[in-house]
Amino acid sequence: MGITSANKFVNARQIDCDGSFLLSIAITGAPDINSNPTDIVLVLDRSGSMSGTPMANLKLGADAFIGIIQQATNPNSSDEIGGGSRIGIVSFADTATKDVPLSTSTTALKAAVNGLTADGSTNHADAFTKAMEEFDLSSTNAKVILMFTDGKTTAGAPPLPVAQAAKAAGITIYIIGLIGSDGIDVPALESWASLPSATHVAITPDAAELERLFQLMAANITKPGPTNISIDEILNPDFRILSFAAPAKGSVQMLSNQRLLWTIPSLGTTQAESALLEITVQHIGSSSGLKEVNQEILYHDREGNVVSFPEPTIMVDCGGGPVYPEPCPEPQSFIVPNCSDYIEFSADDLPLAGQGRIVEMDVTVRNVCPNTRVALGVVLTEVDESGTEYHRGTKTYTLPAHSGTGCQDVLVRCIRFVLPEDLYPDGEPRMCSQRNLNVRTIAHAIDSQYRCCGTLDAVVTR
């Protein structure tokens, strides 16, 4: 069966700028389906959340899976699976149905897949039960359940005991999970699947990825157990390898602090086998953001298995640094012809950006005497429902001296404060909601005729 699954994942979603995490690479190999006849039951989710594009892509993937198995086991026929292998179809929603018992007819199998419609809730326990009933446990054929699901269990009994019974009966369980509208319980899927879960569970958020996952699994099932395996792991420049745990299968050679080579003499040539490599990786870049861990990973074996690994990402928080809240607007170029003093130009539609408030206030300072500068301070706060105040800004000004004949009131215009929407006391932006603000002002004269023991000369700036 070649490489039946390949996975690569990290154990953290976010790290600090110089933080580290565990990167795991896992593969499973098994003997060729032609020398190891296999009964495969496709267990397909047809619950209501699968309607539309997900169901369309599931049908493409399952159809391709069936076609690849048929071509590999019986290339001289366009309809029959050969070599003693068979495929069955079980679909499930509120309950599960045996759509096609284990069969060699690709016509019947594909017709059942293409006839699926989405409706109802999700009963995984009944799906496993109906799939187990398809197998003749006394048969010498290898036994595989390939379940696809896009949601959590919402009907029926707990699935775990049924899945455990299937594994105890010698059935290998693979699961493809699509993160659908209701979410998905990844730990539950991992508990149902055969071990290690890293090579028996594949999760995708993209329905378009389903066809590729089904095709990849079918293509590798038809190849012999791989030999002379090499996996060349290359990290992106923002990361480096700190260490790795010696794998149970094969050996590892460090080529640089960002590259290593894992070689395995053989895997799954006589029975299904898995291999796992765990690498401790550290971020060494200087910038924050969501980053792909790998620059490239290259797989090769003597049998020509085609292996595609996921591309894990991790959020890096380096703190500080410049803040660019909005991009600079794109310029709209235009020309004013010679001697023209009037033109018309359309600047296109302008999206509203930078939501928030600008508070603009005037302050009058009373009885400012001639030839005297004044220092003015303005403090703005925001008040929440419990009366707690939050600082929103402080501004200070120097009011120039006036030369009038007596003390006058001085009007200070257009003192502005910016209040972004994300400055709500509870941290939740609420567009156009009421804002409760307090303002405090303080002013005093800078210049004075006062002398300290006659040692200072008055300096009056006009």
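A residue is called buried when its relative accessible area is under 20%, exposed when that area is over 50%, and partly exposed in between. With a relative accessible area of 29%, Cys-414 is therefore partly exposed. The same reasoning places Cys-407 in the partly exposed class, because its relative accessible area is 44%. The structure discussed here is a predicted model, and the paragraphs below treat its sheets, its disulfide, a surface patch and several individual residues.

An open sheet of four strands has the order S1-S3-S14-S11, with antiparallel pairing. Strand S1 and strand S11, the latter spanning residues 239-244, occupy the edges; each has a single partner strand, so one side of each is left without a neighbour in the sheet. On average, neighbouring strands of this sheet are turned by 25° against each other, direction ignored.

At one edge, strand S1 covers residues 2-10 and is mostly covered, with seven of its nine residues buried. Its connection to strand S3, residues 20-30, consists of eight bridges, and the two strands run antiparallel. Within this pairing, Gly-2 stands opposite Ala-30 of S3. At the other edge, S11 is joined to strand S14 (residues 273-283) by five bridges, again in an antiparallel arrangement. Phe-244 is found opposite Ile-279 of S14. In general, the strands of a sheet pair through backbone hydrogen bonds, either parallel or antiparallel.

A further open sheet has six strands in the order S6-S5-S4-S7-S8-S9, and its pairing is mixed. Here strand S6 (96-103) and strand S9 (201-204) stand at the edges with a single partner strand each, so one side of each is left without a neighbour in the sheet. The twist from one strand to the next averages 10°. Strand S8, residues 172-178, runs parallel to S9 and is joined to it by four bridges. In this parallel pair, Leu-178 stands opposite Thr-204 of S9.

Strands S19 and S20 form a hairpin with five residues between them. Ten bridges link S19 to S20 (residues 389-399), and the two run antiparallel. Gly-377 stands opposite Thr-396 in S20. In the turn, Gly-387 has a positive phi of about 90°.

Positive phi values also occur in two asparagines. Asn-367, although not a glycine, has a positive phi of about 55°. Its place is in strand S18, and it counts as exposed because its relative accessibility is 57%. Asn-371 has a positive phi near 60°, likewise in a residue other than glycine. This asparagine lies in the loop between S18 and strand S19 (374-383) and is partly exposed, with a relative accessible area of 25%.

How many disulfides does the structure contain? The count comes to one disulfide. It is formed by Cys-17 and Cys-318, whose sulfur atoms are 2.1 Å apart; a pair of cysteine sulfur atoms within 2.5 Å qualifies as a disulfide. Cys-17 belongs to the loop between strand S2 (14-16) and S3, while Cys-318 belongs to the loop between S17 and S18, so the pair ties together parts that are 301 residues apart in sequence. The link of Cys-17 and Cys-318 is right-handed, with 70° about the S-S bond.

The loop between strand S17 (313-317) and strand S18 (356-368) also holds Ile-343. At 32% relative accessibility, Ile-343 counts as partly exposed. Together with Phe-334, Val-336 and Phe-345, Ile-343 forms a nonpolar patch on the surface, and the four residues have about 350 Å² of accessible area together. A residue needs over 30% relative accessible area to enter such a patch.

A contact between sequence-separated positions completes the description. Glu-292 is located in strand S15, residues 289-292. This glutamate is partly exposed, with a relative accessible area of 39%. Glu-292 and Ile-314 are 22 residues apart in sequence, and their C-alpha atoms are 6.6 Å apart in space.

Terms used: Residues are numbered from 1 along each chain as its sequence is written. This is a predicted model: local features need pLDDT of at least 70, side-chain atom pairs count only at pLDDT 80 or more; totals for chains, interfaces and linings use all residues. Side-chain values use heavy atoms; hydrogens and water are left out. Buried means under 20% relative accessible area, exposed over 50%, partly exposed in between (1.4 Å probe, protein chains only). Two strands pair if DSSP finds at least two bridges between them. Axes are lines fitted to C-alpha atoms, for helices over the stretch in contact, and angles run from 0 to 180 degrees between N-to-C directions. Patches are made of residues with over 30% relative accessible area and no salt bridge: like charges are joined within 9 Å, nonpolar side chains (Val, Leu, Ile, Met, Phe, Trp, Tyr) within 5 Å. Accessible areas come from the Shrake-Rupley method with a 1.4 Å probe; for residues, only the protein chains shown count as cover. A salt bridge is a side-chain nitrogen of Lys or Arg within 4 Å of a carboxyl oxygen of Asp or Glu.
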